Amino acid sequence: MSKEYKTLYFEDTEAGREKLTAKINELAQDGWVLKSKETTERGWNIGKTFWLGILFLPLALKGKKENLIQVIMERDKK
């Protein structure tokens with residue numbers, strides 16, 4: 001029996017976590033099982049960091065991108 005995988009990405013914010021929960025519940029009804037969940041850091045937005053830094057150096061810290069939540073779902077292929 002073979003397996004089928006689906007990879008989903010959500011922003012690590014309150015709204016993103018709500019979407020994540022809703023999507024996992026929706027897929028669970030179709031036989032999908034949560035295989036892996038990982039939060040990854042996306043780094044810095046170069047342009048935003050540069051321009052905010054020119055305006056006022058502490059504002060450059062606002063140039064950080066939101067983290068992403070990566071979810072891998074698995075189910076038996078039909």
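This passage walks through one helix, the salt bridges and one buried glutamate of a predicted model.

A good place to start is helix 1, which covers residues 14-28. With 15 residues at 1.5 Å a residue, a span of 21 Å is expected, and the end C-alpha atoms are indeed 21 Å apart, so the expected and computed lengths agree. Three residues of this helix are buried, namely G16, L20 and L27. Looking down the helix axis, these buried residues fall within an arc of 45°, so they line one face of the helix. A general point helps here: an α-helix has 3.6 residues a turn, so residues three or four places apart point the same way. The buried residues of helix 1 pack against strand 1 (3-11), strand 2 (33-40) and strand 3. On the other side of the helix, E14 and E18 are exposed.

Attention now turns to charged side chains. In general, side chains of opposite charge can pair when their charged atoms come close. The structure holds six salt bridges. One of them joins the side chains of E4 and R75, with an N to O distance of 3.1 Å. This pair links distant parts of the chain, since E4 sits in strand 1 and R75 in strand 3, 71 residues apart. The two partners differ in their surroundings: E4 counts as partly exposed because its relative accessibility is 26%, whereas R75, at 18%, falls under the 20% cut-off and is therefore buried.

Another salt bridge connects D12 and R17, whose closest N and O atoms are 2.7 Å apart. Here D12 is partly exposed, with a relative accessible area of 23%, and R17 is also partly exposed, at 36%. A further salt bridge brings together the side chains of K35 and E74 (3.9 Å, N to O). Because K35 lies in strand 2 and E74 in strand 3, this pair ties together parts that are 39 residues apart in sequence. Salt bridges can also share partners, and in this way D12, E14 and R17 are joined into one network.

Finally, E74 deserves a look of its own. This residue lies in strand 3, which runs over residues 68-76. Its relative accessibility is 13%, so E74 counts as buried. Besides its salt bridge with K35, the side chain of E74 makes a polar contact of 2.8 Å with the side chain of Y5. Leaving aside residues up to four places away in sequence, E74 touches K3, E4, Y5, G31, W32, V33 and K35.

Terms used. Residues are numbered from 1 along each chain as its sequence is written. This is a predicted model: local features need pLDDT of at least 70, side-chain atom pairs count only at pLDDT 80 or more; totals for chains, interfaces and linings use all residues. Side-chain values use heavy atoms; hydrogens and water are left out. Helices (H or I, at least four residues) and strands (E, at least two) are DSSP runs, numbered from the N terminus. Buried means under 20% relative accessible area, exposed over 50%, partly exposed in between (1.4 Å probe, protein chains only). A polar contact is a pair of N or O atoms within 3.5 Å; within protein, one must be able to donate a hydrogen and the other to accept it, and residues adjacent in sequence count only if both atoms are side-chain atoms. Contact means heavy atoms within 4.5 Å. The expected span of a helix is 1.5 Å times one less than its number of residues. The arc is that of the directions from the helix axis to the C-beta atoms. A salt bridge is a side-chain nitrogen of Lys or Arg within 4 Å of a carboxyl oxygen of Asp or Glu.
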